[in-house]
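Visitor: Could you walk me through this one and tell me what the labels rest on?
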Amino acid sequence: MDKENFFQKRLFTKIAAVLAILVSSFVMAGWIFDIDILKSVVPGLVSMKVNTAICFSLVGTSLYLEQERFRNNKYISHISLLLIIATVFITIATLFQYLSGYDLGIDQLIVKETSLDARTSHLGRMSPITAISFLFVAGSLYFSRSKNKYSIYLSQVFALIFGQIALICLISYVYGAELSYGISRFTQIAIHTVITFIFIFFGVFFLHPNQAIASIITSNHYGTFLACRLLPFAILIPFVFGFLRLVGERMGFYGTTFGITLYCSSTIAILVLAILWQSSILNKLDIDRKNKEIALRESEQRLQAILDNSTAIIFLKDLEGRFLLINKQFEKMFLIARQELIGKTVYDFFPKKLADCYTDNDLQAIKEGKAIEYEEDALQNGEEHTYLAIKFPLYNPQGDVYGLAGISTDITQRKQIEKELKNTKEKLEEIVKERTRELAETNKKLRLEAIENKKSQEEIKKLNENLEKRVIERTKQLETINKELEAFSYSVSHDLRAPLRHISGFIELLKKNTNNNLSEKGQHYIKVISEASKKMGVLIDELLSFSRMGRSELRNANVDLEKMVEKLVKSYQESLKDRKITWCIEKLPIVQADSAMLELVFNNLISNALKYSGKKSETKIEIGIDLTSNNRTEEVIIFVRDNGVGFDMQYVDKLFGVFQRLHKTEEFEGIGIGLANVRRIINRHGGRTWAESFLGQGATFYFSLPKNGEKNE
Amino acid sequence: MNKIRHILLAEDNINDAELTLEALSENNLANEVVVVSDGAETLDYLYYQGNYRSREPIDPILILLDIKMPKVNGIEVLRKIKSDEKLKTIPVIMLTSSREEKDLVDSYKLGVNAYVVKPVDFEQFLYAVKQIGLFWLVINQAPPNKNI
């Protein structure tokens, strides 16, 4: 249990009260049952008288009730006062007896004392010192009842007085002093009376531990600290050293003067040491405190710096809304000095509407007992600003709310940005909506276009169908024309031939009949007619075969070109024994084609080559594949090259036409249908024909055949 | 008496007919040559119609048939002959200027006995006709004449 609680619970008082009642009870018992040890503790010593015991009971009970009185019970208070008054009566009566010599009969009233001892002047009468002490006790108790500061003071002074009396008596007992003068002629005070008084002293003195003189000992200030540490020395040292001096003197170690000298010097020494010791402790405490103060000031300055350098507005208010503290930002924002503001409320410099709002928020935060965020508006230089205010109640160490703190941050800009963001967002949303709508429209348009496309596709389809129909019609027409042409060529073949035959036949008959009687000129004419008719016959035959080539169906099969060419060359060699010819025939592929027609192609080309190189002393004919073609994967290109007279590239276009000749018949015989046939056949196979030459340097004839056997029919 | 049977030459062209007759004459054959100038006349002759209603009832030993003839062409005439039980045994030779495959094939399908294209060259023509006469009148055994 710490010191504070000890005093606050008035344990001294309780102990003293209980002890006084107990001692009183035992002593009464001792008197009633005549037990000496209870009356005087040590046999031979003076006994505690019955009235003394009664008074102890009275003041003990009163003391107990006095500390109970703090429960504000009226009856207890009254009873206590009655007990005090009773005590005063008894003591005053006793003192009156001593002073006047009258016996009021109060001493032997309850139990009769039968024999006088050495230290008792009157039978059963309490010692005058005891009576005086009880008077002071009663006074002290009485004055303690008032709430008046001086009354408490007086009460404690009374307590100190009877305490001092008790101390004298106690030390007298210890030192064995004989009080043989003055009051010592009267009944002396018993040892347990003295001790009980000392207890009662503590009980009464600390009845108000926080007031008057007692507070010096019970407070938590430095003085108390020092008092508590020095008082034991002040009490014990003189007592102990006095006792030692007395014992030494009695034992004859030294005389009175030296005894006092020893006593004084040692008391001084010990007390000085004690004071120095305690002072040094006090100094340390003081330094500590000062350091703490500095630290506190620093901490305060730090806090103030934090407060002042914060861009937020910070303030503390008391429960009435008066400003206790504000920071620099507050001053800056509202253009008001600290000194002016402290002690004022928001109503002093804000419009009522705003001030009401702030106060409502303050009260709510205090009520809730925790930090709450508010958005508060404020006028600042005539502009409206928005603050985010955090408000929270302030508690003192006892846990009671004593004020309110607020931290307000200007969020005007943030608000503005939020607003702008919101605007931007809305704008964006609008744009998105617009775009979405446009997109929908575009989609719609596209859909319409698609429908139109579909329509146009259908139209195209219709057109195509029409076209196809027309193509079919045209084809039919062409077929009809073809048939007509067929009929035409048929009749040509038949009808043109007949007159020729007739001419040639009758010429022969003419020759026979005239038996060569004709003149030379006549015979020449007949010869010319005969040859002309023969030539016409050849022409007609060739023309017919050309027309037939265009009409007859292709009979495709695998054709080994190399074998075909070899066979052809062999057939030629027989009739060309007298010519010097070099054949260069490369490896030729197998193709899909009409064998008879391709044979005609090679026949034409080879015979041409032979024909037009006939005038060279040495003929060279090359047949092979042209590998320089761009699309060799799709077609095969075959060439036939000679070293003959060649032709003028100027007329290359005419080369493949029907009856087109680049040489005179006199130079090279022929009717000009061979290459036309070649082109026709190759065209029907899906290929191309062309030629290259330089006059006098031979000619090269090319034809291509598609590899996939595609036909151009 | 075993009368020498005649040759029937169907030829619309007089020149051709003359040349053919000339050529046949070179064989020195005893057979008479009757010339008809178109298909209709040919059929009249064979069926004793028209101008030939009262002719001697003897079938020709050989019929030389041109294809391209007015009124009824040679192919039609051939079809009639070969589909007639009485006439189908008579050898029919197409003697024509046509080299057309169609004519050739059609003729053989209808049962022609020979198909000869008239050569343009007279020497060859002469040779061809002489050979026909030689083969069909001398070498070949003609079927018997049912009308006799």
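Guide: What follows is a short talk about helix pairs, sheets and the contact between the chains.

Guide: Keep in mind that this is a predicted model.

Visitor: Okay. What makes α6 and α7 of chain A roughly antiparallel?

Guide: The angle does. Helix α6 (residues 128-144) and helix α7 (residues 149-175) of chain A pack at about 155 degrees, and angles over 145 count as roughly antiparallel, so α6(A) and α7(A) get that label. Their axes are 7 Å apart, and the crossing is left-handed.

Visitor: Which residues make that contact?

Guide: On the α6(A) side they include A:Ile129, A:Ile132, A:Phe136 and A:Phe143. On the α7(A) side, A:Phe158, A:Phe162, A:Ile165 and A:Cys169 are among them. By class, the contact of α6(A) with α7(A) has 14 nonpolar and six polar residues, with no charged ones.

Visitor: How do you know that α10(A) is roughly antiparallel to α11(A)?

Guide: By the angle again. The axes of helix α10 (residues 222-250) and helix α11 (residues 256-309) of chain A come within 9 Å and cross at roughly 160 degrees. The cut-off is over 145, which makes α10(A) roughly antiparallel to α11(A). The crossing of α10(A) and α11(A) is right-handed. The residues of this contact divide into 16 nonpolar, seven polar and three charged.

Visitor: Now the chain contact. How many residues of chain A and of chain B are in contact?

Guide: 14 residues of chain A are in contact with 16 residues of chain B. On the chain A side, α15 (412-495), α16 (497-514) and α17 (520-551) each supply at least two residues. The largest share, nine residues, comes from α16(A). The side of chain A that touches chain B has four nonpolar, six polar and four charged residues.

Visitor: Why are α16(A) and α1(B) called oblique to each other?

Guide: α16(A) and helix α1 (residues 14-25) of chain B pack at an angle of about 45 degrees, with axes 10 Å apart. Roughly parallel needs an angle under 35 degrees, and roughly perpendicular runs from 65 to 115. About 45 degrees fits neither range, so α16(A) and α1(B) count as oblique. α16(A) passes α1(B) in a left-handed crossing.

Visitor: And which residues make the contact there?

Guide: From α16(A) you have A:Ala498, A:His502, A:Gly505 and A:Leu509, and from α1(B) you have B:Asn15, B:Asp16, B:Leu19 and B:Glu22. They divide into three nonpolar, three polar and two charged.

Visitor: On to the sheets. What makes β2 and β3 of chain A edge strands?

Guide: Five strands of chain A form an open sheet in the order β2-β1-β5-β4-β3, with antiparallel pairing. β2 (323-326) and β3 (372-380) each pair on one side only. Neighbouring strands of this sheet are turned by 30 degrees against each other on average, direction ignored.

Visitor: How do you know that β1(A) and β5(A) pair?

Guide: Pairing takes at least two bridges. Six bridges join β1 (residues 313-318) to β5 (residues 401-410) of chain A, so that cut-off is met. The two strands run antiparallel, and A:Asp318 has A:Gly403 of β5(A) as its bridge partner. Helix α14 (residues 352-368) of chain A lies across β1, β3, β4 (383-395) and β5, running at about 160 degrees to β3(A).

Visitor: What makes β12(A) a partner of both β10(A) and β11(A)?

Guide: Count the bridges against the same cut-off of at least two. β10 (residues 635-642) and β12 (residues 699-706) of chain A pair antiparallel over seven bridges, and A:Ile638 stands opposite A:Phe703. β11 (residues 689-693) and β12(A) pair antiparallel over five bridges, with A:Phe701 as the bridge partner of A:Ala691. In the hairpin of β11(A) and β12(A), with five residues between the strands, A:Gly696 takes a positive phi near 80 degrees.

Visitor: Last one: parallel or antiparallel, how do β4(B) and β5(B) run?

Guide: Parallel: four bridges join β4 (residues 92-96) to β5 (residues 114-117) of chain B. B:Met94 stands opposite B:Tyr115 in β5(B). The chain goes from β4(B) through helix α4 (residues 101-110) to β5(B), and this β-α-β crossover is right-handed.

Notes:
Residues numbered from 1 in each chain as written. Chains lettered and ligands numbered in written order. Predicted model: local features only at pLDDT ≥ 70, side-chain atom pairs only at ≥ 80, totals over all residues. Contact = placed C-beta atoms within 7 Å. Nonpolar A, V, L, I, M, F, W, Y, C, P; charged D, E, K, R; others polar. Axes fitted to C-alpha atoms, helices over the stretch in contact; angles between N-to-C directions. Left-handed = near helix turned anticlockwise from the far one by under 90°. Right-handed = clockwise from strand over helix to strand, strands pointing away.
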